[in-house]
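Dear colleague,

I am passing on the structure we discussed, and would be glad if you could look at it alongside the notes below.

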Amino acid sequence: MTTDEKLNYGTFEATVERSKELEDNLQKNPENYKVLTGDRPTGRLHIGHLFGSLQNRVRLHQLGVQTYIVIADYQVLTDRDTFENISENIKQLTIDYIAAGLDPEAGNLWIFPHSHVPELNQLLLPFLTLVTMAELDRNPTVKEEIVASGQKRINAGMYTYPVHQAADILFCKGNVVPVGKDQLPHLELTRTIARRFNERFAGNTTVFPEPQPLLSKAPLILGLDGGQKMSKSRNNAIMLSATEDETVALIKKAKTDSQRLITYDPEKRPEVSNLLMLISLSTGETPEAIAERIGDGGAGQLKKALTESLNEYLRPLRSRRKELEENMDYVRDVLKRGITQARAVAESTLEEVRKVMNMDI
Ligand code: TRP
């Protein structure tokens, strides 16, 4: 290792501050930035993803920022054995993205699964030599995922996927990565790899920029059971692909409390407040104003209001979704275009990497 500096997985407050500054600069000079972000293809997306991250991506793309979205299919295999649905999930994820407003026809937007970009994956090899086993072992998100997986045998991909994620980000020299808090350790590792690469192989010139995380401002969306984050695996989510009737049925079963008067109080009344927040995100009204309007209408009125506003809000998205599901050739074409672009960029980065590493012939 060329440097003795320690990899620091902490400093959340500093990240929040830097994230605000970055947000200002993005508004002023979108042309200076390249967004890279992504998801694992483990299933379809739900309204927690929509309000938590998809809308933020749409906003950045519409500001004019170049946007790469990686579908991290290899990463699916880090904590589960099943791979039967990966192909289908890649396409469903792509449909969710486009339906949510990420428009591939607007230009400057590419969606691709990383398994189709060999030159990206090859960056993993030099990157692995820039980190220690101890550093990989200390990653707090990986530690949590190991516990959550419930697996006795942990494969090496679980420890090394954050390095692979650095390749996902750095292959196109992405410099802004919109992510949730759980991804910050991976971002810190990516920054460290970029820095060490530049120091060790590039005489301190900048082959790789140090990407900055952009934390989403969206509130945490709880599941319909009120207690925990919305998540498909906890069975407390409303999927973007759900029908209006399914949405009615899900909201009917949502947890509330026994107080008739509806008030917005996230501390004391998390379930009711979460439903108010979902109405607010659908209509643009403040949750307080919505609560006041419902008054002592109780949980029944609250759920009725949520069902109506959410179904109305999701209607255009769901209809686009349906159209896309009937036009899989188009979805495949979007992915093919994404792969072509990603490969061209990755190839040129890999060439640069070989050169500075004295591996050209
Ligand atoms: N690890 C991310 C997740 O589980 C997915 C991901 C893979 C990613 N590569 C990325 C996110 C690059 C941001 C940037 O959600």
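The notes that follow take the ligand site and then the two domains.

This is a predicted model, in which local features need pLDDT of at least 70 and side-chain atom pairs count only at pLDDT 80 or more, whereas totals for chains, interfaces and linings use all residues. Residues are numbered from 1 along each chain as its sequence is written, and side-chain values use heavy atoms, with hydrogens and water left out.

The ligand is surrounded by 13 residues (a heavy atom within 4 Å of it), and the closest are Arg40, Gln75, Gln165, Asp168 and Gln183. Taking polar contacts as pairs of N or O atoms within 3.5 Å, a polar side-chain atom of Arg40 comes 2.7 Å from a ligand oxygen atom, while ligand nitrogen atoms lie 3.0 Å from an N or O atom in the side chain of Gln75 and 2.9 Å from a polar side-chain atom of Gln165. On its own the ligand has 370 Å² of accessible area (Shrake-Rupley method, 1.4 Å probe), and the protein covers 90% of that area. At least two shell residues come from each of β1 (34-39), α8 (156-170) and β4 (176-179), these being DSSP runs of at least four residues for helices (H or I) and at least two for strands (E), numbered from the N terminus.

An automatic or database assignment divides the chain into domain 1 (12-218 + 327-356) and domain 2 (244-325), whose centres, taken over C-alpha atoms, are 32 Å apart. Their contact (heavy atoms within 4.5 Å) takes 16 residues from domain 1 and 12 residues from domain 2. The buried area, meaning the accessible area (1.4 Å probe) lost by two parts on being put together, summed over both, is about 1200 Å², with 64% given by carbon and sulfur atoms. On the domain 1 side, Ile47, Phe51 and Ala99 lose the most area to domain 2, together 43% of what that side buries.

Best wishes

Technical notes. Polar contact = N/O pair within 3.5 Å; in protein donor to acceptor, adjacent residues only side chain to side chain.
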